[in-house]
Amino acid sequence: MDKRWRQLGDLLVNYSTAVKPGERVMIAMGEVESYPLAYAVYEAAVQAGAYPQVQFISETLRHALLKHGSAEQLSWVPEIEAYGMDWADVYIGLRGAHNLHELAAIPSDRLALNQVAQGKISTMRWQQTRWCLVRVPNEALAFQAETDLETITDMFFDACLLDWESVSQTWQAQAEVLSRGNQVRIVGRETDLSFSVEGMKWLALNGKLNMPDGEIYTAPVTSTIDGCIYFEFPGVLSGRLMPDIRLRWEKGVLVEATSSANQDYLQQVVHSDAGASLIGEFALGTNPYVNRFCKDILLDEKIGGTIHIALGRAYPECGGTNKSAIHWDIIKDIRREGAVYLDGRVILEHGELKNI
């Protein structure tokens, strides 16, 4: 086994989730290719004195549910998964990549119905456990990133095996400076979007919740969201690619949401509940080693020099109050065109953080 898997397993158990003796650890192994990391995490958890359990999940299995299930089955919140969130002190999700088009033939209304049920499990995870999610590289990820397996695996490990104590200090210091600001403005291609962050905190994600990690995030005051934004990268959710997403708000109300493909699913998502049409999160990507768009949000939102917004659920630790079963991150590339301002001062331009 590649020794980097054991290095990462140790990192996830002893740094990311800080597992203690006697704690219950749920390891959710997604797709069979994530087994080497599942083994490494299990081994590290045992060595830490914990009680690990492994659960297998797969988008191929989900496809069978979406294809054949009744409406009641699609909206059913999986009981064993829900119980696992009650049982576990720590949840480590090893999300192996899968065929991005696995669910392409599933009608949008069926997919949206199941997405709400899945969102309820996600909400239980972040409310009830210490957790960390990992996107495990495999051939499927290499294919959708338009590269080879060795390249994407090396990028993954380079981005994961950082000196987390050092980068955490840097990012947290930047977050503290940003927390003194009140008004965000994003400009760029077909974009001029503003909102207040007054009273909100900016926080740095530093390998505790995702691996690889690297973002500085906050929550808008939803009633102040005003203007438009265009996304150079396609939005990706449940295997649906939505290129050329354009969103526009007027005084906190979403008045336009379009894409050049799968627009019916986009509409299903933004109208899935009362909070889904609002921005719950705004963030800056900060990991210098994540440099390739992979059509996978767990990696793409960390790309250094980009920004992203999440429609739906806000993180209350920032002060955000927006509630939704949806939390959908969409990436905008600021590296070539555009800038982000805080109280009129440039904080991101040409992919570089400034004045912080």
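In the predicted model, Ile-303 is a buried residue, its relative accessible area being 0%. Ile-303 is placed in the loop that runs between helix H11 (297-300) and strand S16 (306-312). When neighbours within four places in sequence are left aside, the contacts of Ile-303 are with Gly-285, Thr-286, Asn-287, Val-290, Asn-291, Arg-292, Phe-293 and Arg-335. Arg-130, by contrast, is 173 residues away from Ile-303 in sequence, and the C-alpha atoms of Ile-303 and Arg-130 are 24 Å apart in space.

Strand S16, which bounds this loop, is mostly covered, with 7 of its 7 residues buried. Strand S16 pairs with strand S15 (residues 279-285) in the antiparallel sense, over 5 bridges, and within this pairing Glu-281 has Ala-310 of S16 as its bridge partner. A further antiparallel pairing, over 7 bridges, joins S16 to strand S17 (residues 327-333), where Ile-309 stands opposite Ile-330 of S17. In general, the strands of a sheet pair through backbone hydrogen bonds, in either a parallel or an antiparallel arrangement.

Parallel pairing is found elsewhere in the protein, in an open sheet of 5 strands with the order S2-S1-S3-S4-S8. The edges of this sheet are formed by strand S2 (51-57) and strand S8 (210-211), each of which has a single partner strand, so that one side of each is left without a neighbour in the sheet. The pairing of strand S1 (residues 24-30) with S2 is parallel and extends over 7 bridges, and Met-26 is the residue that stands opposite Gln-53 in S2.

A partly exposed position is provided by Glu-256, which lies in strand S14 (residues 253-258). The relative accessibility of Glu-256 is 30%, and Glu-256 is therefore counted as partly exposed, a class that lies between the limits of 20% for buried and 50% for exposed residues. Apart from neighbours within four places in sequence, Glu-256 is in contact with Arg-246, Leu-247 and Arg-248. For Arg-246, which is 10 residues from Glu-256 along the chain, the separation of the two C-alpha atoms is 7.5 Å.

Considered as a whole, the protein contains 11 helices and 20 strands. The radius of gyration is 19 Å, close to the 21 Å given by the globule rule for 356 residues, and the protein is therefore as compact as a globular protein of that length. Along the principal axes, the C-alpha atoms fill a box of roughly 50 × 50 × 40 Å. Of the 356 residues, 56% are buried, and Ile-303 is one of the buried residues. Among the contacts between residues at least 6 apart in sequence, 73% join residues that are at least 24 apart.

The protein exposes an area of about 14,700 Å², of which 50% is supplied by carbon and sulfur atoms. With regard to charge, there are 32 positive and 46 negative side chains, and the centres of these two sets lie 2 Å apart.

Methods:
Residues are numbered from 1 along each chain as its sequence is written. This is a predicted model: local features need pLDDT of at least 70, side-chain atom pairs count only at pLDDT 80 or more; totals for chains, interfaces and linings use all residues. Side-chain values use heavy atoms; hydrogens and water are left out. Helices (H or I, at least four residues) and strands (E, at least two) are DSSP runs, numbered from the N terminus. The radius of gyration is taken over C-alpha atoms; the globule rule is 2.2 Å times the number of residues to the power 0.38. Buried means under 20% relative accessible area, exposed over 50%, partly exposed in between (1.4 Å probe, protein chains only). Contact means heavy atoms within 4.5 Å. Accessible areas come from the Shrake-Rupley method with a 1.4 Å probe; for residues, only the protein chains shown count as cover. Lys and Arg count as positive and Asp and Glu as negative; His and the chain ends are not counted. The place of a charge is taken as NZ of Lys, CZ of Arg, CG of Asp or CD of Glu. Two strands pair if DSSP finds at least two bridges between them.
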